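I opened this notebook to keep a plain record of what I looked up, one topic at a time. The entries follow the order in which I went through the model.

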Amino acid sequence: MKVLSYGEVNLRFSPPDYMLLEQTNQLTYQVTGTGVNLLTNLKSFGMEVSLLTSLPDNHVGKAAAADIRKYGIQDDFIYFNQHHHIGSYFVELGYGIRPTVVTYQNRLASAFCQANPESYHLEEAVMANDIIHICGITLLLNEKTRTTALELADYANRLGKKLYFDFNYRPSLNTEHSHEFIKAQYEKILYKADVVFGGIRDIKELLDISVNQEKSYGSQLEEGIQILKQKYGVKTYVGTNRNDRDGKHMLSGFMDGESFKTSQEWPVEIYDRIGAGDAYAAGVIYGLNQEKWSEEKVLEFATCNAVLAHTIPGDVPYTNVEEVQSLMNGERQTLIR
């Protein structure tokens with residue numbers, strides 16, 4: 001099974017040892033991005049993966065491409081252009097009650113954001129893969145990335161490929177357009193998607209779907225998903241729930257495919273939260289494409305994968321199938337030799 005993801009490549013800069021930026025002049029960097037994170041994880045699960053993106057044709061872009069290849073991601077559909085920038089952000093890791101803070105740089109100037117749809121061989125890329133994954137951030141950045149994402153979705157539908165779409169809605173990135181405009185862009189791709197990753201906020205606040213506010217959270221979620229599936233023809237809607245109980249951060253997953261179901265609730269130890277959502281999505285994609293896996297098993301696998309991702313520094317989840325299944329089976333090991 002071959003997976004193609006369209007998304008931006010970023011450089012993540014982090015101070016060491018939970019420090020704030022003001023406390024140090026030392027930074028480490030990592031090549032990341034939703035597509036990079038997701039595909040690296042799927043590669044470790046044994047799937048063939050390719051990234052569709054654009055990088056600057058300079059030493060920074062070539063170094064990023066080299067790291068992407070190290071992750072095991074095929075570079076057939078990585079393109080270079082003369083725009084000199086790459087998206088970047090700073091992560092100051094939280095500790096205890098202090099939250100993690102992410103500060104973005106000017107990503108709109110990046111080679112990715114300046115690449116036109118004509119910069120890519122979209123039909124060739126879709127034909128070469130079985131699954132197409134699109135990150136919703138591409139609908140928010142600018143007209144070029146938006147048009148590319150929608151054209152890619154069109155090719156996926158025309159060529160009979162499965163389309164996975166992740167809302168990844170970031171209100172802070174929508175600075176130029178009205179709510180109605182952005183909602184319309186998401187709706188265009190929802191009509192084409194088979195599997196959608198999202199939450200209750202995407203349903204209520206972005207798509208303006210009304211649910212009975214007097215119901216419990218779970219009932220509101222189930223009601224909202226049913227309305228979304230009927231309206232847009234989405235086959236499966238998947239996401240996570242988080243809450244804090246008795247001083248512990250808890251994570252569970254939900255899936256509405258054949259029916260609405262939730263996973264076991266897992267306590268989470270957070271070393272680095274960023275990238276855990278991509279790990280959950282990777283778990284879903286892997287699980288849904290395994291023969292004889294029930295939706296319940298897919299859901300538990302994806303949730304356990306996200307739980308493990310919280311314990312890995314950096315955005316990129318380096319988990320493997322055996323580790324995830326060990327956690328699913330209740331096998332807690334502190335030392336492996």
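**Entry 1: Y104 and its ring partner**

I began with Y104, which at 40% relative accessibility counts as partly exposed, because its value falls between the 20% limit for buried and the 50% limit for exposed. I note here that the model is a predicted one, and that I read every value below as computed from it.

The ring of Y104 pairs with that of Y89, and I found the two centres 5.6 Å apart with the planes at 50°, so I entered the pair as tilted. The cut-offs explain the label, since planes under 30 degrees apart would count as stacked and planes over 60 as edge-to-face. I then looked up where the two residues sit: Y89 belongs to strand β6 (residues 87–92) and Y104 to strand β7, so the pair ties together parts that are 15 residues apart in sequence. Unlike the partly exposed Y104, Y89 is buried, at a relative accessible area of 6%.

**Entry 2: Other rings**

I next asked how many aromatic pairs the structure holds, and the count came to 23 aromatic pairs. One of them joins Y6 and Y120, which meet edge-to-face with 6.0 Å from centre to centre and 85° between the planes. This pair links distant parts of the chain, as Y6 is in strand β1 (residues 2–6) while Y120 is in the loop between β7 (101–104) and α3 (122–127), 114 residues apart. When I checked the accessibility of Y6 and Y120, I found both of them buried.

I also recorded a cluster that ring pairs link together, made up of F165, F167, Y169, Y186, Y237, F254 and F260. A further ring, that of Y155, has R158 lying over its face, at 4.8 Å from the ring centre.

**Entry 3: The sheet that holds β6 and β7**

I went back to the strands of the first entry and traced their sheet, which is open, has 4 strands in the order β3-β2-β6-β7, and shows mixed pairing. Its edge strands, each pairing on one side only, are β3 (28–32) and β7. With direction ignored, neighbouring strands of this sheet are turned by 25° against each other on average.

Within the sheet I looked at strand β2 (residues 10–14), which pairs with β6 in the parallel sense over 4 bridges. I noted that R12 has Y89 as its bridge partner in β6, the residue that I had already listed in the tilted pair with Y104. R12 also turned up in a polar contact of 2.9 Å that joins its side chain to that of S14. S14 itself is placed in strand β2, and its relative accessible area of 8% makes it buried. Apart from residues up to four places away in sequence, S14 touches Q26, L27, T28 and V91.

**Entry 4: β9 and its neighbours**

Is strand β9 enclosed or open, going by how many of its residues are buried? I found that 4 of the 5 residues of β9 (residues 162–166) are buried, so the strand is largely enclosed by the rest of the structure. Strand β8 (residues 131–135) runs parallel to β9 and is joined to it by 5 bridges, while 3 bridges join β9 to strand β10 (residues 195–197), again running parallel. I followed F165 in particular, since it also appears in the ring cluster: in β9 it stands opposite I134, and its bridge partner in β10 is V196.

**Entry 5: N81 and P99**

I then turned to N81, which is in strand β5 (residues 78–81) and is buried, with a relative accessible area of 15%. Which backbone atoms does the side chain of N81 reach? A polar atom of that side chain lies 3.1 Å from the backbone nitrogen of H83, and the side chain also reaches the backbone oxygen of A111 at 3.0 Å. Not counting residues up to four places away in sequence, N81 touches S54, L55, P56, D57, A111 and A115.

My last look-up was P99, in the loop between β6 and β7, which at 54% relative accessibility counts as exposed. Leaving aside neighbours within four places in sequence, P99 is in contact with E92 and G94. From C-alpha to C-alpha, P99 and A128 are 42 Å apart in space, with their positions 29 residues apart in sequence.

Notes. Residues are numbered from 1 along each chain as its sequence is written. This is a predicted model: local features need pLDDT of at least 70, side-chain atom pairs count only at pLDDT 80 or more; totals for chains, interfaces and linings use all residues. Side-chain values use heavy atoms; hydrogens and water are left out. Rings of Phe, Tyr and Trp (its six-membered ring) pair if their centres lie within 6.5 Å; planes under 30 degrees apart count as stacked, over 60 as edge-to-face and the rest as tilted. Buried means under 20% relative accessible area, exposed over 50%, partly exposed in between (1.4 Å probe, protein chains only). A charge sits over a ring if NZ of Lys or CZ of Arg is within 6 Å of the ring centre and within 35 degrees of the ring normal. A polar contact is a pair of N or O atoms within 3.5 Å; within protein, one must be able to donate a hydrogen and the other to accept it, and residues adjacent in sequence count only if both atoms are side-chain atoms. Contact means heavy atoms within 4.5 Å. Two strands pair if DSSP finds at least two bridges between them. Axes are lines fitted to C-alpha atoms, for helices over the stretch in contact, and angles run from 0 to 180 degrees between N-to-C directions.
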